[in-house]
Every structure is written in C-alpha cells, then in structure tokens.
Amino acid sequence: MRKTLVGPRLRQLRRERKQTQAEMAEALGISPAYVNLLENNQRALSVQVLMALTDAYNVDWRDLIKDDGATRLSDLRHVLQDPIFEDQTPDLQEIRGALDHAPALVQAFLTLYGAHRTMIERVMRSGDEGGMANLTSSTPETAIHDFFRNNSNHFEALETAAERLEAERPSRNDDLYTTLKTRLQEDQGFTVRTATLEEMPHILRDYDAKAGTVYLSEALDHQNRKFQLAHVLCLVTCGDLLDQMIEQSNLTEAPSRARCRVELANYFAAAYLMPYAPFYTMAEKTNYDIDRLAAAFDVSFEQVCQRLTTLQREGQKGVPFFFLRVDKAGNVTKRFNATSFHLAEHGGSCPVWNVHAAFRTPGLILPQFLDLPDGQRFFSISRTTERPVFSRETQDRRLAVALGCEMQHVHRVGYASSYNLKDEGLFSPIGINCHLCPRQACSQRAHQPLHMNLPIDANRRGNTRYES
C-alpha cells in the first residue's frame with residue numbers, strides 16, 4: 001500500500017483556520033507532536049486521523065489525499081528549462097524539497113511564470129494592436145485547459161452520471177441515436193427534429209429549452225448527431241452537477257464559465273457513447289487501436305482520440321495521453337492533456353513534428369518518437385480528420401489530430417510495437433514553439449528565440465538565417 005503523506009495540505013489547512021499545532025491536535029484528538037510529524041511528512045496519515053479531519057474541518061477526504069505531485073514536478077522541471085534561468089537550475093532533490101515543504105510558493109512561482117509566458121505570446125501575436133489589456137488577459141481556452149489538466153482530464157462525477165443514465169436505458173451502439181431521441185422526447189418532453197441547411201445555415205445544433213425543441217442540422221453525420229444529443233442530455237439532466245463543477249473550477253469570467261459548461265457536457269457525451277469499463281477493456285485488449293475502437297463503439301476517429309485522454313480512473317487507468325488538433329495553418333483548435341507534455345496554445349508548434357505532415361497523407365496514421373529540449377521523450381501518432389461535407393462550398397475542411405504518450409507507456413501502444421525502442425535515431429528533436437525553443441542548428445527554425453542569442457558569424461551561413 002502507498003503511504004499517504006499530506007504534510008503541506010495539512011499545514012495549509014491549519015493556517016487557513018489560524019490555528020496552532022496544539023489547537024489542531026486538540027480538534028483531532030491527537031498530540032501536537034504527532035501533528036508536527038504529519039506536517040513534515042515524517043508520518044503517514046492513518047484512516048482514523050483522515051476521518052477526524054473530515055469531521056472536524058468539513059473537508060472532502062479526497063481533496064486531502066489527492067496526489068498532484070507528479071504533475072507539479074513535471075511542470076516545475078519544464079519551467080526551469082527556460083533559458084532565462086541559465087545555470088541556476090536546482091537539482092531534482094531541491095525541486096522535490098520545494099514541492100514537499102513549500103507547495104504554495106511553488107504554485108505562486110508557476111502562476112507567475114505562466115503569466116510571463118502569456119505576456120510573451122501575446123506580445124508576439126498582438127504587436128502594437130489591442131494595447132496592454134490584450135497582453136494581460138487570459139483566454140477562456142487557456143483557463144479551461146488548465147482546469148482539465150489539473151484534474152488529469154478525468155471527471156469521475158460525469159463518468160458516474162453517464163453510466164447511471166446509460167444503465168437506465170441500455171442500448172446497442174447502432175440503436176443509440178434512437179434511444180437518445182426517445183429519451184429526450186419521452187422522459188424530458190423535448191422534440192428532436194432535423195433542420196435543413198436553409199433553416200440553420202450556420203448552426204449545427206440548437207437546444208431551445210424554452211420551446212422544448214432540439215434542432216440538429218442535416219449537415220451532421222450519424223456519429224455527430226448522436227454526440228450532440230448526448231451533449232443535450234447532459235445539459236437537461238445534469239445541470240446542477242455542471243453548476244457545481246464550474247464553481248469548483250474557480251473560473252470567474254463569464255466566457256470561461258460558459259465554455260467550461262460546453263466542454264464538460266462534451267466530456268459527458270463521450271462518456272455516454274463510450275462507457276468507461278468496456279471502452280477501457282477494449283483499449284487495453286487492442287493495444288489502443290483507434291480504428292478498432294471507433295468501429296466497435298460507432299464513433300469517429302477523433303472522438304476516440306479525445307476519449308482516450310480521459311482514462312484515469314483509479315484501478316482502471318489507461319495510458320495517459322495528450323491530444324492536439326490543428327488546422328492547415330497550424331492553429332490549435334482543440335487540446336486535452338493527461339501528460340506532462342506542454343501543448344502549444346495558439347499554434348506555431350514545431351514543424352519537425354509530423355502532425356503538420358499528416359495533411360500530405362490524408363487518412364494515414366503517422367507515428368513519431370519525440371525528443372523535447374528538456375530531455376522528455378514521447379511517442380505520438382498523427383492523422384487527418386474530416387469535417388462533414390454537405391455542399392460544394394464546404395469541401396476540403398480537413399484537420400489534423402495528434403495523440404501522444406510518455407515513453408514509459410509506449411509498450412502498451414500497438415502503433416509503436418514494430419520499432420526498436422533502443423535506437424536513438426528514432427527520436428525527432430522538436431520544440432513547442434520557435435520563439436521559446438533553445439535548440440541550435442535546427443533547419444526548421446522560423447524565429448529567433450526570445451531569451452537567448454544564437455551565434456551569428458557574418459562569414460558563415462548556417463541552416464537558417466538565424467545562426468551560423
């Protein structure tokens with residue numbers, strides 16, 4: 001059994017209540033010395049003390065024992081690879097010490113660095129347009145991505161809700177659309193009807209709660225019609241749960257909260273169409289064969305990829321994946337992450353990464369082994385995905401998606417099984433963004449790094465005009 005060490009959280013809880021160790025000890029029925037040992041991680045938390053904490057302080061025991069140390073460690077190590085720190089990088093033991101004994105300081109440092117990165121990216125994007133407000137504001141997409149990532153892209157409450165509703169009306173995959181439509185009509189009193197393109201020229205789904213009608217565009221294919229009805233089912237039946245989760249997210253801006261509701265309902269829809277236990281079992285059985293999963297659950301390739309990033313249930317953990325979707329110009333249109341990989345927010349991700357090359361080979365899966373500047377290594381697959389074509393004006397609406405995992409999990413993924421993993425030549429050196437990438441002698445460099453000067457010699461010509 002893994003020991004449960006909660007020193008920093010216990011200290012934070014005591015300070016929030018403005019208590020001494022003696023006062024906390026009295027509330028818990030233990031000695032002050034034992035409180036001191038717990039706060040310094042010299043004793044593991046017992047079940048009895050955990051229950052006493054829950055009763056005395058009215059806190060959820062899951063919040064106390066939640067272990068986000070691995071994510072924080074990865075985030076901190078990634079940040080400290082920034083060239084602005086040069087030779088001031090602490091060693092791993094010092095980093096772990098900071099996480100164990102000063103978690104609030106670590107979080108403040110990460111928040112400050114995040115604001116610094118946001119400022120830089122907005123300067124690069126905005127130039128002189130928009131003023132300072134444009135530079136310091138946080139996008140809803142960033143806030144929501146951070147909220148999902150802080151939860152390992154897994155929400156057990158939504159999984160449970162989806163399983164409960166699916167169990168009430170079990171259905172075969174090929175009958176799910178009819179089941180969802182009937183459920184909304186008979187149980188909730190909604191009318192579901194398909195609207196023509198002339199009726200809804202720029203809308204794919206319209207949920208009119210007051211009129212009791214759900215309109216689906218005829219432009220949607222069968223898989224996406226099911227997804228949209230499952231999304232509406234969540235809005236209708238799980239509104240209170242969504243409100244509660246949004247409150248817990250600490251999102252304050254109206255656009256962020258509205259967007260979060262959409263993403264949480266999308267999460268529910270995926271959980272309903274691809275129930276956790278059977279989906280996880282087949283994923284493991286097939287070594288994460290995406291096309292096989294898509295066929296079995298009658299969903300799209302992209303929907304499977306996104307669902308795979310959510311398999312983080314205790315006792316049934318799948319491979320932790322990241323997911324990225326880009327358009328032909330390299331703009332990031334969707335991203336989810338259950339790994340330590342830092343995804344580009346606004347596009348401009350590394351051209352060495354073959355997610356961009358996927359547009360040249362539509363429909364084919366391209367595997368690639370990735371080596372990041374901070375030494376982390378990942379395996380990814382990239383493939384195009386098609387948007388519905390419903391008129392001559394909507395042709396060639398192709399996007400590319402990438403799904404990846406850390407190398408420690410790659411033995412579970414069938415797409416990597418034919419490679420010699422000991423071959424160092426497998427790995428492609430990539431960065432997240434040219435502006436922030438410290439790599440030298442990269443033939444794909446498009447910008448000078450912001451925090452370092454590449455060597456320039458007027459008598460030599462390097463791979464690019466940025467160094468020689």
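A residue counts as buried when its relative accessible area is under 20%. The model shown in these views is predicted.

**View 1. Glu 302 and Arg 325 form a salt bridge between helix H18 and strand E6.** With a relative accessibility of 6%, Glu 302 falls in the buried class. Its partner, Arg 325, is buried as well, at 11%. The two side chains meet at 2.7 Å, N to O. Glu 302 belongs to helix H18 and Arg 325 to strand E6 (residues 321-326), so the pair ties together parts that are 23 residues apart in sequence.

**View 2. Arg 307 and Glu 159 pair through their side chains.** The N to O distance of this salt bridge is 2.7 Å. Arg 307 sits in helix H18 and Glu 159 in helix H11 (residues 156-168), so the contact links parts that lie 148 residues apart in sequence. Arg 307 is buried, its relative accessible area being 1%. Glu 159 is likewise buried, at 1% relative accessibility. In the whole structure, 27 salt bridges are found.

**View 3. Asp 371 and Arg 377 meet in a salt bridge.** Here the N to O distance is 3.2 Å. Asp 371 is buried, with 17% relative accessible area, whereas Arg 377 is partly exposed, at 27%. Elsewhere, a network of salt bridges with shared partners joins Arg 164, Glu 168, Arg 169, Arg 183, Glu 186 and Asp 187.

**View 4. Helix H17 (residues 290-297) has four named buried positions: Ile 290, Leu 293, Ala 294 and Phe 297.** These residues lie on the same side of H17, because they cover an arc of only 100 degrees around the axis. The buried residues of H17 pack against four helices and two strands: helix H13 (222-237), helix H15 (254-273), helix H16 (276-285), helix H18 (301-308), strand E9 (377-386) and strand E10 (398-406).

**View 5. The ends of helix H17 are marked by Asp 289 and Asp 298.** Asp 289 caps the N-terminal end of the helix. One of its side-chain oxygens lies 3.3 Å from the backbone nitrogen of Asp 291. Just after H17, Asp 298 adopts a positive phi of about 55 degrees.

**View 6. Arg 383 is a buried residue of strand E9.** Its relative accessible area is 15%. Leaving aside residues up to four places away in sequence, Arg 383 touches Asp 291, Phe 301, Ala 358, Gly 363, Leu 364, Ile 365, Leu 399, Ala 400 and Val 401. One of these contacts, Asp 291, also supplies the backbone nitrogen approached by the capping side chain of Asp 289. Strand E9, which holds Arg 383, is among the elements that the buried residues of H17 pack against.

**View 7. Strands E2 (residues 205-208) and E3 (residues 213-217) pair in antiparallel fashion.** The two strands are joined by 4 bridges. Tyr 207 has Val 214 of E3 as its bridge partner. Together E2 and E3 make a hairpin, with 4 residues between them. Within the turn, Gly 212 has a positive phi of about 65 degrees.

Key. Residues are numbered from 1 along each chain as its sequence is written. This is a predicted model: local features need pLDDT of at least 70, side-chain atom pairs count only at pLDDT 80 or more; totals for chains, interfaces and linings use all residues. Side-chain values use heavy atoms; hydrogens and water are left out. Buried means under 20% relative accessible area, exposed over 50%, partly exposed in between (1.4 Å probe, protein chains only). The arc is that of the directions from the helix axis to the C-beta atoms. Contact means heavy atoms within 4.5 Å. A polar contact is a pair of N or O atoms within 3.5 Å; within protein, one must be able to donate a hydrogen and the other to accept it, and residues adjacent in sequence count only if both atoms are side-chain atoms. Two strands pair if DSSP finds at least two bridges between them. A salt bridge is a side-chain nitrogen of Lys or Arg within 4 Å of a carboxyl oxygen of Asp or Glu.
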